[in-house]
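User: I would like a close look at a single part of this structure, namely one strand with its pairing partners and the charged side chains around them. Please take me through that part step by step, and then set it beside what lies elsewhere.

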Amino acid sequence: MKIKVDIITGFLGSGKTMLLNDKIKNEVSKQDITVVIQCENGQTEIDSIINKKENLFIENCDKANTSDENFLNYIINKYHPTKIIIEANGMSNIDELLDIFNYLRISKKCFINEIVHTIDAMFFDIFMNNMGGIITNQISNSDFIILNNTASLRGEKLRNIERTLKRINKSAKISTGISISAKPKTLNTEIVLLMGILVCAISYLIYSVYKPVHFDISATFFSWLERFNTIFLSILIQAFPFILFGVFVSAIIQVFVSSDKITNIFPQNTTLQFIVALFAGFLFPVCDCAIVPVGARLIKKGVPLPAAVTFMLAAPITNPIVIASTLYAFPSQPFIAIYRVCLGMVIAFLVGGAFIFAPEKGVTLFDNIDEIPCNCGFCSDDFTNKKGVLGKLDAIFRHAGAEFFQIGKFIIIGSLLSSIMQTIVPKELFSSLGGGTIISLLIMMLFAFILSVCSSSDAFIARTFVNQFPIGAIMGFLVLGPMLDIKNLLMLLGNFKKRFVIKLVILILLISFEILIVFATLF
(Lines give C-alpha, C1' and ligand atoms only; values in the text may rest on other atoms or scores of the structure.)
Protein backbone atom coordinates (compact mmCIF):
# COMPACT_ATOMS: atom_id res chain seq x y z
CA MET A 1 0.00 0.00 0.00
CA LYS A 2 1.30 3.44 -0.89
CA ILE A 3 2.26 5.93 1.80
CA LYS A 4 -0.25 8.72 2.36
CA VAL A 5 1.36 12.18 2.29
CA ASP A 6 -0.26 15.35 3.66
CA ILE A 7 1.35 18.75 3.00
CA ILE A 8 0.71 21.87 5.10
CA THR A 9 1.70 25.23 3.60
CA GLY A 10 1.46 28.83 4.76
CA PHE A 11 3.60 31.71 5.96
CA LEU A 12 5.31 31.72 9.35
CA GLY A 13 2.75 32.41 12.10
CA SER A 14 -0.27 31.37 10.03
CA GLY A 15 -1.05 28.36 12.24
CA LYS A 16 0.67 25.49 10.40
CA THR A 17 2.04 23.80 13.53
CA MET A 18 -1.27 24.19 15.38
CA LEU A 19 -2.96 22.42 12.49
CA LEU A 20 -0.20 19.81 12.52
CA ASN A 21 -0.87 19.06 16.20
CA ASP A 22 -4.57 18.78 15.47
CA LYS A 23 -4.04 16.41 12.55
CA ILE A 24 -1.79 14.13 14.61
CA LYS A 25 -4.32 13.99 17.46
CA ASN A 26 -7.34 13.29 15.27
CA GLU A 27 -6.02 11.44 12.24
CA VAL A 28 -3.08 9.31 13.38
CA SER A 29 -4.05 5.95 14.83
CA LYS A 30 -1.94 3.49 16.82
CA GLN A 31 -1.60 1.32 13.75
CA ASP A 32 -0.01 4.16 11.75
CA ILE A 33 3.70 4.80 11.57
CA THR A 34 3.80 8.55 11.03
CA VAL A 35 6.74 10.72 10.10
CA VAL A 36 6.46 14.50 10.46
CA ILE A 37 8.89 16.47 8.31
CA GLN A 38 9.26 20.06 9.50
CA CYS A 39 10.85 22.41 6.98
CA GLU A 40 10.20 25.46 9.14
CA ASN A 41 10.25 26.06 12.91
CA GLY A 42 7.84 28.72 14.17
CA GLN A 43 6.69 29.98 17.55
CA THR A 44 4.48 26.94 18.16
CA GLU A 45 6.07 23.54 18.72
CA ILE A 46 4.70 20.05 18.36
CA ASP A 47 2.80 19.09 21.50
CA SER A 48 5.11 17.35 24.01
CA ILE A 49 2.52 14.65 24.69
CA ILE A 50 2.17 13.96 20.99
CA ASN A 51 5.94 13.97 20.62
CA LYS A 52 6.20 10.98 22.97
CA LYS A 53 4.09 8.68 20.79
CA GLU A 54 6.01 5.55 19.93
CA ASN A 55 4.76 5.43 16.35
CA LEU A 56 5.52 9.12 15.64
CA PHE A 57 8.87 10.32 14.31
CA ILE A 58 9.89 13.93 13.69
CA GLU A 59 12.51 14.99 11.17
CA ASN A 60 13.75 18.50 10.45
CA CYS A 61 15.03 19.54 7.06
CA ASP A 62 16.54 22.72 5.72
CA LYS A 63 15.39 24.56 2.61
CA ALA A 64 17.89 22.67 0.45
CA ASN A 65 16.41 19.31 1.43
CA THR A 66 12.85 20.51 0.82
CA SER A 67 13.14 19.84 -2.91
CA ASP A 68 15.49 16.83 -2.64
CA GLU A 69 13.94 13.48 -3.53
CA ASN A 70 16.93 11.72 -1.95
CA PHE A 71 15.97 13.09 1.47
CA LEU A 72 12.38 11.87 1.16
CA ASN A 73 13.56 8.49 -0.09
CA TYR A 74 15.89 8.30 2.92
CA ILE A 75 12.95 8.98 5.27
CA ILE A 76 10.87 6.27 3.61
CA ASN A 77 13.62 3.65 3.80
CA LYS A 78 14.50 4.54 7.39
CA TYR A 79 11.04 4.49 8.98
CA HIS A 80 8.82 2.58 6.50
CA PRO A 81 5.93 4.89 7.43
CA THR A 82 2.25 4.53 6.57
CA LYS A 83 1.76 8.30 6.70
CA ILE A 84 3.96 11.35 6.15
CA ILE A 85 3.02 14.91 7.13
CA ILE A 86 5.17 17.69 5.65
CA GLU A 87 5.12 21.16 7.20
CA ALA A 88 6.44 23.09 4.20
CA ASN A 89 8.57 26.24 4.30
CA GLY A 90 6.23 29.17 3.74
CA MET A 91 8.77 31.15 1.72
CA SER A 92 9.56 28.31 -0.69
CA ASN A 93 7.85 27.58 -3.97
CA ILE A 94 5.56 24.63 -3.36
CA ASP A 95 6.04 23.39 -6.92
CA GLU A 96 9.60 22.46 -6.03
CA LEU A 97 8.22 20.19 -3.30
CA LEU A 98 5.48 18.74 -5.52
CA ASP A 99 8.01 17.96 -8.27
CA ILE A 100 9.59 15.38 -5.93
CA PHE A 101 6.52 13.19 -6.31
CA ASN A 102 7.01 13.03 -10.07
CA TYR A 103 10.13 10.90 -9.61
CA LEU A 104 9.36 7.24 -10.24
CA ARG A 105 11.06 5.92 -7.11
CA ILE A 106 8.95 8.33 -5.02
CA SER A 107 5.64 8.07 -6.88
CA LYS A 108 5.62 4.26 -6.71
CA LYS A 109 5.97 4.41 -2.91
CA CYS A 110 3.70 7.29 -1.89
CA PHE A 111 1.02 9.70 -3.07
CA ILE A 112 -0.17 13.18 -2.07
CA ASN A 113 -3.40 12.78 -0.13
CA GLU A 114 -4.16 16.48 0.50
CA ILE A 115 -2.54 19.90 0.54
CA VAL A 116 -3.71 22.33 3.21
CA HIS A 117 -2.91 26.06 3.21
CA THR A 118 -3.22 28.11 6.41
CA ILE A 119 -3.69 31.89 6.39
CA ASP A 120 -3.61 34.55 9.09
CA ALA A 121 -6.61 36.57 7.90
CA MET A 122 -5.42 39.75 9.65
CA PHE A 123 -2.30 39.92 7.45
CA PHE A 124 -3.75 38.48 4.24
CA ASP A 125 -3.86 41.80 2.33
CA ILE A 126 -0.30 42.65 3.36
CA PHE A 127 0.98 39.30 2.12
CA MET A 128 -0.94 39.61 -1.16
CA ASN A 129 0.43 43.10 -1.80
CA ASN A 130 4.04 42.20 -1.02
CA MET A 131 4.40 38.49 -1.77
CA GLY A 132 1.47 37.83 -4.06
CA GLY A 133 3.33 35.41 -6.31
CA ILE A 134 4.37 33.05 -3.50
CA ILE A 135 1.02 32.99 -1.72
CA THR A 136 -0.91 32.66 -4.99
CA ASN A 137 1.20 29.66 -5.97
CA GLN A 138 0.52 27.96 -2.62
CA ILE A 139 -3.21 28.71 -2.68
CA SER A 140 -3.68 27.52 -6.26
CA ASN A 141 -2.20 24.11 -5.39
CA SER A 142 -4.23 23.57 -2.19
CA ASP A 143 -7.17 21.25 -1.58
CA PHE A 144 -8.15 22.96 1.68
CA ILE A 145 -7.65 26.54 2.90
CA ILE A 146 -7.98 27.44 6.58
CA LEU A 147 -8.46 31.08 7.62
CA ASN A 148 -7.20 31.71 11.16
CA ASN A 149 -7.54 34.81 13.34
CA THR A 150 -10.89 35.85 11.83
CA ALA A 151 -12.72 36.86 15.03
CA SER A 152 -11.95 40.58 14.70
CA LEU A 153 -12.81 40.81 10.99
CA ARG A 154 -16.10 42.22 9.81
CA GLY A 155 -18.32 40.08 7.63
CA GLU A 156 -17.66 41.98 4.41
CA LYS A 157 -13.89 41.91 4.94
CA LEU A 158 -13.96 38.16 5.45
CA ARG A 159 -16.15 37.68 2.38
CA ASN A 160 -13.69 39.72 0.31
CA ILE A 161 -10.86 37.42 1.40
CA GLU A 162 -12.93 34.36 0.54
CA ARG A 163 -13.75 35.82 -2.90
CA THR A 164 -10.05 36.37 -3.55
CA LEU A 165 -9.28 32.80 -2.54
CA LYS A 166 -12.03 31.43 -4.76
CA ARG A 167 -10.77 33.54 -7.61
CA ILE A 168 -7.34 31.92 -7.29
CA ASN A 169 -8.58 28.39 -6.56
CA LYS A 170 -12.24 27.66 -7.30
CA SER A 171 -12.17 24.04 -6.16
CA ALA A 172 -10.51 24.43 -2.75
CA LYS A 173 -12.63 23.99 0.40
CA ILE A 174 -12.39 27.04 2.68
CA SER A 175 -12.95 26.96 6.44
CA THR A 176 -12.40 29.50 9.21
CA GLY A 177 -10.18 28.08 11.88
CA ILE A 178 -11.92 24.70 11.88
CA SER A 179 -9.93 21.50 11.69
CA ILE A 180 -10.43 19.85 8.35
CA SER A 181 -10.09 16.47 9.99
CA ALA A 182 -13.64 16.88 11.26
CA LYS A 183 -14.88 17.86 7.84
CA PRO A 184 -16.50 15.03 5.89
CA LYS A 185 -15.18 14.53 2.40
CA THR A 186 -17.74 14.93 -0.36
CA LEU A 187 -17.67 13.95 -3.99
CA ASN A 188 -16.68 16.89 -6.12
CA THR A 189 -18.10 17.65 -9.54
CA GLU A 190 -15.11 16.16 -11.36
CA ILE A 191 -15.58 12.78 -9.63
CA VAL A 192 -19.33 12.76 -10.30
CA LEU A 193 -18.71 13.66 -13.94
CA LEU A 194 -16.06 10.96 -14.29
CA MET A 195 -18.42 8.38 -12.75
CA GLY A 196 -21.12 9.38 -15.22
CA ILE A 197 -18.77 9.02 -18.18
CA LEU A 198 -17.58 5.62 -16.91
CA VAL A 199 -21.18 4.41 -16.57
CA CYS A 200 -21.90 5.49 -20.16
CA ALA A 201 -18.70 3.86 -21.42
CA ILE A 202 -19.39 0.57 -19.61
CA SER A 203 -22.98 0.57 -20.87
CA TYR A 204 -21.79 1.08 -24.43
CA LEU A 205 -19.24 -1.73 -24.10
CA ILE A 206 -22.01 -4.05 -22.91
CA TYR A 207 -24.04 -2.97 -25.90
CA SER A 208 -21.13 -3.71 -28.24
CA VAL A 209 -20.75 -7.26 -26.88
CA TYR A 210 -24.41 -8.10 -26.40
CA LYS A 211 -26.45 -6.75 -29.29
CA PRO A 212 -30.06 -5.74 -28.65
CA VAL A 213 -31.20 -8.96 -30.33
CA HIS A 214 -30.14 -10.82 -27.17
CA PHE A 215 -31.96 -8.34 -24.94
CA ASP A 216 -35.25 -7.52 -26.56
CA ILE A 217 -36.39 -5.57 -23.52
CA SER A 218 -33.29 -3.36 -23.68
CA ALA A 219 -33.39 -2.76 -27.42
CA THR A 220 -34.80 0.74 -27.02
CA PHE A 221 -32.22 1.71 -24.41
CA PHE A 222 -29.27 0.44 -26.44
CA SER A 223 -30.56 2.18 -29.55
CA TRP A 224 -30.74 5.45 -27.60
CA LEU A 225 -27.29 4.83 -26.13
CA GLU A 226 -25.79 4.39 -29.61
CA ARG A 227 -27.30 7.66 -30.81
CA PHE A 228 -26.23 9.44 -27.63
CA ASN A 229 -22.68 8.09 -27.94
CA THR A 230 -22.40 9.25 -31.55
CA ILE A 231 -23.56 12.80 -30.82
CA PHE A 232 -21.56 13.11 -27.59
CA LEU A 233 -18.26 11.91 -29.05
CA SER A 234 -18.65 13.89 -32.27
CA ILE A 235 -19.00 17.13 -30.29
CA LEU A 236 -15.97 16.37 -28.11
CA ILE A 237 -13.71 15.16 -30.93
CA GLN A 238 -14.31 18.31 -32.95
CA ALA A 239 -14.19 20.72 -30.01
CA PHE A 240 -11.11 19.56 -28.10
CA PRO A 241 -8.49 20.53 -30.75
CA PHE A 242 -9.77 24.12 -30.69
CA ILE A 243 -9.83 24.15 -26.89
CA LEU A 244 -6.26 22.84 -26.74
CA PHE A 245 -5.02 25.39 -29.26
CA GLY A 246 -6.99 28.13 -27.52
CA VAL A 247 -5.57 27.47 -24.05
CA PHE A 248 -2.01 27.52 -25.40
CA VAL A 249 -2.59 30.87 -27.13
CA SER A 250 -4.21 32.20 -23.95
CA ALA A 251 -1.27 30.92 -21.87
CA ILE A 252 1.27 32.59 -24.17
CA ILE A 253 -0.58 35.89 -23.87
CA GLN A 254 -0.86 35.59 -20.08
CA VAL A 255 2.87 34.88 -19.72
CA PHE A 256 4.38 37.17 -22.35
CA VAL A 257 1.83 40.00 -22.67
CA SER A 258 1.38 42.01 -19.49
CA SER A 259 -1.76 43.99 -18.71
CA ASP A 260 0.37 47.12 -19.08
CA LYS A 261 0.99 46.30 -22.74
CA ILE A 262 -2.72 45.76 -23.35
CA THR A 263 -3.52 48.98 -21.51
CA ASN A 264 -1.07 50.96 -23.61
CA ILE A 265 -2.92 50.17 -26.84
CA PHE A 266 -5.93 52.19 -25.65
CA PRO A 267 -5.59 55.83 -26.85
CA GLN A 268 -6.85 58.90 -25.02
CA ASN A 269 -9.52 59.71 -27.59
CA THR A 270 -12.90 58.25 -26.56
CA THR A 271 -13.94 57.28 -30.08
CA LEU A 272 -10.65 55.55 -30.76
CA GLN A 273 -10.91 53.74 -27.42
CA PHE A 274 -14.14 52.07 -28.54
CA ILE A 275 -12.63 51.12 -31.90
CA VAL A 276 -9.62 49.56 -30.20
CA ALA A 277 -11.85 47.79 -27.67
CA LEU A 278 -13.95 46.25 -30.44
CA PHE A 279 -11.02 44.96 -32.48
CA ALA A 280 -8.44 44.21 -29.75
CA GLY A 281 -9.74 40.65 -29.52
CA PHE A 282 -8.18 39.96 -32.93
CA LEU A 283 -4.75 40.84 -31.54
CA PHE A 284 -5.19 39.44 -28.02
CA PRO A 285 -7.33 36.29 -28.42
CA VAL A 286 -8.42 35.79 -24.80
CA CYS A 287 -11.44 33.50 -24.42
CA ASP A 288 -14.44 34.19 -22.19
CA CYS A 289 -12.95 31.98 -19.45
CA ALA A 290 -10.12 34.47 -18.80
CA ILE A 291 -11.48 37.81 -20.02
CA VAL A 292 -13.08 38.96 -16.76
CA PRO A 293 -9.82 39.24 -14.75
CA VAL A 294 -8.21 40.97 -17.75
CA GLY A 295 -11.04 43.50 -17.89
CA ALA A 296 -10.75 44.17 -14.16
CA ARG A 297 -7.02 44.82 -14.51
CA LEU A 298 -7.61 47.23 -17.39
CA ILE A 299 -9.96 49.29 -15.24
CA LYS A 300 -7.43 49.31 -12.39
CA LYS A 301 -4.77 50.47 -14.86
CA GLY A 302 -6.86 53.47 -15.86
CA VAL A 303 -8.71 52.34 -18.99
CA PRO A 304 -12.16 54.05 -18.96
CA LEU A 305 -14.99 51.79 -17.85
CA PRO A 306 -17.02 51.98 -21.14
CA ALA A 307 -14.00 50.91 -23.23
CA ALA A 308 -13.03 48.17 -20.76
CA VAL A 309 -16.57 46.74 -20.73
CA THR A 310 -16.69 46.84 -24.54
CA PHE A 311 -13.38 44.97 -24.75
CA MET A 312 -14.49 42.45 -22.10
CA LEU A 313 -17.66 41.59 -24.06
CA ALA A 314 -16.29 41.77 -27.61
CA ALA A 315 -12.92 40.01 -27.24
CA PRO A 316 -14.28 36.46 -26.67
CA ILE A 317 -16.28 36.73 -29.92
CA THR A 318 -13.72 38.51 -32.12
CA ASN A 319 -11.13 35.96 -31.01
CA PRO A 320 -9.61 34.41 -34.21
CA ILE A 321 -9.77 30.94 -32.64
CA VAL A 322 -13.48 31.40 -31.92
CA ILE A 323 -14.08 32.57 -35.49
CA ALA A 324 -12.16 29.58 -36.87
CA SER A 325 -14.07 27.10 -34.68
CA THR A 326 -17.40 28.64 -35.79
CA LEU A 327 -16.43 28.34 -39.45
CA TYR A 328 -15.37 24.73 -38.87
CA ALA A 329 -18.59 23.88 -37.02
CA PHE A 330 -20.72 25.38 -39.82
CA PRO A 331 -18.68 24.60 -42.97
CA SER A 332 -21.59 25.15 -45.35
CA GLN A 333 -22.85 28.24 -43.52
CA PRO A 334 -19.92 30.68 -43.18
CA PHE A 335 -22.34 33.58 -42.79
CA ILE A 336 -23.06 32.35 -39.23
CA ALA A 337 -19.52 33.28 -38.18
CA ILE A 338 -19.92 36.69 -39.83
CA TYR A 339 -23.26 37.30 -38.13
CA ARG A 340 -21.80 36.21 -34.81
CA VAL A 341 -18.89 38.66 -34.97
CA CYS A 342 -21.05 41.56 -36.18
CA LEU A 343 -23.82 41.02 -33.62
CA GLY A 344 -21.29 40.57 -30.82
CA MET A 345 -19.51 43.81 -31.68
CA VAL A 346 -22.77 45.75 -31.89
CA ILE A 347 -24.02 44.48 -28.53
CA ALA A 348 -20.63 45.03 -26.87
CA PHE A 349 -20.50 48.59 -28.22
CA LEU A 350 -24.03 49.43 -27.00
CA VAL A 351 -23.50 47.91 -23.53
CA GLY A 352 -20.16 49.67 -23.13
CA GLY A 353 -21.59 52.93 -24.44
CA ALA A 354 -24.42 52.76 -21.90
CA PHE A 355 -21.87 53.36 -19.13
CA ILE A 356 -21.07 56.75 -20.66
CA PHE A 357 -24.60 57.87 -19.80
CA ALA A 358 -24.82 55.85 -16.57
CA PRO A 359 -21.26 56.01 -15.19
CA GLU A 360 -20.02 53.92 -12.28
CA LYS A 361 -17.03 54.59 -10.03
CA GLY A 362 -14.97 52.18 -7.97
CA VAL A 363 -16.43 49.09 -9.62
CA THR A 364 -13.54 46.69 -8.92
CA LEU A 365 -13.64 44.66 -5.74
CA PHE A 366 -9.96 44.42 -4.78
CA ASP A 367 -7.18 46.97 -4.58
CA ASN A 368 -4.55 44.25 -5.03
CA ILE A 369 -6.04 42.71 -8.16
CA ASP A 370 -2.81 43.22 -10.12
CA GLU A 371 -0.99 40.99 -7.67
CA ILE A 372 -2.96 38.01 -8.98
CA PRO A 373 -1.71 37.27 -12.51
CA CYS A 374 -4.54 34.93 -13.41
CA ASN A 375 -6.67 32.14 -11.99
CA CYS A 376 -4.15 29.38 -12.63
CA GLY A 377 -1.50 30.81 -10.32
CA PHE A 378 1.34 29.95 -12.71
CA CYS A 379 1.99 33.28 -14.38
CA SER A 380 3.73 35.21 -11.63
CA ASP A 381 7.27 36.41 -12.22
CA ASP A 382 8.38 34.58 -9.09
CA PHE A 383 6.36 31.46 -9.83
CA THR A 384 9.55 29.60 -10.53
CA ASN A 385 13.23 30.06 -9.84
CA LYS A 386 13.94 29.29 -13.48
CA LYS A 387 14.93 32.24 -15.61
CA GLY A 388 14.67 33.07 -19.27
CA VAL A 389 12.99 30.97 -21.93
CA LEU A 390 12.80 27.75 -19.88
CA GLY A 391 10.97 29.50 -17.06
CA LYS A 392 8.47 31.03 -19.47
CA LEU A 393 7.89 27.72 -21.27
CA ASP A 394 7.33 26.02 -17.93
CA ALA A 395 4.74 28.65 -16.98
CA ILE A 396 3.02 28.36 -20.38
CA PHE A 397 2.61 24.59 -20.18
CA ARG A 398 1.44 24.67 -16.57
CA HIS A 399 -0.99 27.47 -17.31
CA ALA A 400 -2.32 25.71 -20.43
CA GLY A 401 -2.70 22.44 -18.54
CA ALA A 402 -4.62 24.03 -15.67
CA GLU A 403 -6.87 26.00 -18.02
CA PHE A 404 -7.47 22.99 -20.29
CA PHE A 405 -8.81 20.87 -17.44
CA GLN A 406 -10.79 23.79 -16.05
CA ILE A 407 -12.43 24.45 -19.43
CA GLY A 408 -12.64 20.78 -20.35
CA LYS A 409 -15.18 19.95 -17.67
CA PHE A 410 -17.52 22.65 -19.02
CA ILE A 411 -17.37 21.35 -22.59
CA ILE A 412 -17.92 17.77 -21.35
CA ILE A 413 -20.91 18.81 -19.24
CA GLY A 414 -22.27 20.95 -22.10
CA SER A 415 -21.83 18.13 -24.62
CA LEU A 416 -23.41 15.66 -22.21
CA LEU A 417 -26.50 17.81 -21.64
CA SER A 418 -26.77 18.69 -25.32
CA SER A 419 -26.56 15.01 -26.31
CA ILE A 420 -29.18 14.04 -23.74
CA MET A 421 -31.56 16.73 -24.95
CA GLN A 422 -30.99 15.78 -28.57
CA THR A 423 -31.72 12.10 -27.94
CA ILE A 424 -34.35 12.16 -25.19
CA VAL A 425 -36.47 15.25 -25.89
CA PRO A 426 -38.75 14.58 -28.91
CA LYS A 427 -38.01 16.68 -31.97
CA GLU A 428 -41.70 17.58 -32.15
CA LEU A 429 -41.33 19.35 -28.79
CA PHE A 430 -38.34 21.34 -30.07
CA SER A 431 -40.30 22.26 -33.18
CA SER A 432 -43.28 23.43 -31.17
CA LEU A 433 -41.07 25.43 -28.79
CA GLY A 434 -38.98 26.82 -31.61
CA GLY A 435 -41.97 27.86 -33.63
CA GLY A 436 -42.18 31.26 -31.98
CA THR A 437 -39.33 33.70 -32.50
CA ILE A 438 -39.34 35.09 -28.96
CA ILE A 439 -39.73 31.71 -27.22
CA SER A 440 -37.04 30.02 -29.30
CA LEU A 441 -34.61 32.89 -28.71
CA LEU A 442 -35.23 32.84 -24.95
CA ILE A 443 -34.70 29.08 -24.84
CA MET A 444 -31.35 29.26 -26.64
CA MET A 445 -30.21 32.20 -24.51
CA LEU A 446 -31.10 30.17 -21.42
CA PHE A 447 -29.14 27.20 -22.77
CA ALA A 448 -26.13 29.46 -23.35
CA PHE A 449 -26.26 30.71 -19.77
CA ILE A 450 -26.69 27.27 -18.17
CA LEU A 451 -24.31 25.18 -20.28
CA SER A 452 -21.43 27.67 -19.73
CA VAL A 453 -19.36 26.32 -22.62
CA CYS A 454 -16.11 28.03 -23.63
CA SER A 455 -16.50 30.34 -26.63
CA SER A 456 -13.80 28.45 -28.54
CA SER A 457 -15.99 25.33 -28.65
CA ASP A 458 -19.61 26.39 -28.16
CA ALA A 459 -20.26 26.45 -31.92
CA PHE A 460 -20.12 22.64 -32.01
CA ILE A 461 -22.91 22.42 -29.46
CA ALA A 462 -24.91 25.15 -31.21
CA ARG A 463 -24.74 23.16 -34.46
CA THR A 464 -26.67 20.26 -32.87
CA PHE A 465 -29.71 22.56 -32.47
CA VAL A 466 -29.78 23.77 -36.10
CA ASN A 467 -32.57 21.39 -37.14
CA GLN A 468 -34.72 22.29 -34.13
CA PHE A 469 -34.33 26.09 -33.87
CA PRO A 470 -34.13 28.92 -36.40
CA ILE A 471 -30.84 30.72 -37.12
CA GLY A 472 -31.98 33.76 -35.10
CA ALA A 473 -32.27 31.62 -31.95
CA ILE A 474 -28.95 29.87 -32.67
CA MET A 475 -27.29 33.29 -32.77
CA GLY A 476 -28.69 33.95 -29.29
CA PHE A 477 -26.69 30.94 -28.07
CA LEU A 478 -23.51 31.96 -29.92
CA VAL A 479 -23.61 35.65 -28.95
CA LEU A 480 -24.85 35.64 -25.35
CA GLY A 481 -22.78 32.65 -24.14
CA PRO A 482 -19.34 34.34 -24.43
CA MET A 483 -20.70 37.47 -22.74
CA LEU A 484 -22.72 35.97 -19.91
CA ASP A 485 -23.04 32.47 -18.48
CA ILE A 486 -22.81 30.86 -15.06
CA LYS A 487 -19.01 30.74 -14.86
CA ASN A 488 -18.69 34.31 -16.17
CA LEU A 489 -21.24 35.55 -13.65
CA LEU A 490 -19.29 33.95 -10.81
CA MET A 491 -16.07 35.55 -12.06
CA LEU A 492 -17.79 38.93 -12.34
CA LEU A 493 -18.98 38.66 -8.74
CA GLY A 494 -15.46 37.69 -7.72
CA ASN A 495 -13.88 40.77 -9.36
CA PHE A 496 -16.50 43.53 -9.33
CA LYS A 497 -18.96 45.03 -6.87
CA LYS A 498 -22.50 43.65 -6.89
CA ARG A 499 -24.09 46.93 -7.96
CA PHE A 500 -21.98 47.06 -11.10
CA VAL A 501 -22.49 43.35 -11.86
CA ILE A 502 -26.28 43.66 -11.57
CA LYS A 503 -26.31 46.69 -13.87
CA LEU A 504 -24.00 44.98 -16.38
CA VAL A 505 -26.08 41.77 -16.44
CA ILE A 506 -29.32 43.70 -16.97
CA LEU A 507 -27.79 45.73 -19.79
CA ILE A 508 -26.37 42.63 -21.51
CA LEU A 509 -29.69 40.77 -21.32
CA LEU A 510 -31.86 43.68 -22.46
CA ILE A 511 -29.66 44.96 -25.27
CA SER A 512 -28.74 41.50 -26.60
CA PHE A 513 -32.39 40.38 -26.56
CA GLU A 514 -33.53 43.49 -28.44
CA ILE A 515 -30.77 43.25 -31.05
CA LEU A 516 -31.24 39.51 -31.53
CA ILE A 517 -35.02 39.84 -31.84
CA VAL A 518 -34.55 42.37 -34.64
CA PHE A 519 -32.04 40.04 -36.30
CA ALA A 520 -34.32 37.00 -35.91
CA THR A 521 -37.27 38.76 -37.53
CA LEU A 522 -35.14 39.88 -40.48
CA PHE A 523 -33.44 36.52 -41.05
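Analyst: What follows begins with one strand and moves outward from there. This is a predicted model, in which local features need pLDDT of at least 70 and side-chain atom pairs count only at pLDDT 80 or more, while totals for chains, interfaces and linings use all residues. Residues are numbered from 1 along each chain as its sequence is written, and side-chain values use heavy atoms, with hydrogens and water left out.

The part in question is strand 4, residues 83-87; helices (H or I, at least four residues) and strands (E, at least two) are DSSP runs, numbered from the N terminus. Strand 4 is mostly covered, five of its five residues being buried, where buried means under 20% relative accessible area, exposed over 50% and partly exposed in between, with a 1.4 Å probe and protein chains only. In a regular strand the side chains alternate between the two faces of the sheet. Here Lys-83, Ile-85 and Glu-87 point one way, Ile-84 and Ile-86 point the other way, and all are buried.

Strand 4 pairs with strand 1 (residues 3-9), the two running parallel and joined by five bridges; two strands count as paired if DSSP finds at least two bridges between them. Within this pairing, Asp-6 has Ile-85 of strand 4 as its bridge partner. Strand 2 (residues 34-38) also pairs with strand 4 in the parallel sense, over five bridges, and there Val-35 is matched with Ile-84.

Asp-6 leads on to the charged side chains. Side chains of opposite charge can pair when their charged atoms come close. Asp-6 forms a salt bridge with Lys-23, with 3.2 Å between the closest N and O atoms, a salt bridge being a side-chain nitrogen of Lys or Arg within 4 Å of a carboxyl oxygen of Asp or Glu. Because Asp-6 lies in strand 1 and Lys-23 in helix 1 (residues 16-27), the pair ties together parts that are 17 residues apart in sequence. Asp-6 and Lys-23 are both buried. A network of salt bridges links Asp-6, Lys-23, Lys-83 and Glu-114, and Lys-83 brings us back to strand 4, where it points the same way as Ile-85 and Glu-87.

The structure holds seven salt bridges. One of them is formed by the side chains of Glu-59 and Lys-78, at 3.4 Å from N to O; Glu-59 lies in strand 3 (residues 56-60) and Lys-78 in helix 4 (residues 69-79), so this pair ties together parts that are 19 residues apart in sequence. Glu-59 counts as buried at 14% relative accessibility, whereas Lys-78 counts as partly exposed at 43%. In another, the side chains of Glu-360 and Arg-499 meet at 3.3 Å, N to O. Glu-360 is buried, with a relative accessible area of 14%, while Arg-499 counts as exposed at 61%.

Turning to nonpolar packing, a core is a set of buried Ala, Val, Leu, Ile, Met, Phe, Trp, Tyr and Cys residues joined through side-chain atoms within 4.5 Å. The largest one has 94 residues, and among the members that touch the most others are Phe-311, Met-475 and Phe-477. Its largest share, 14 residues, comes from helix 10 (residues 219-256). A second, separate core of 23 residues includes Val-5, Ile-76, Ile-86 and Leu-97, and Ile-86 is one of the buried residues of strand 4.
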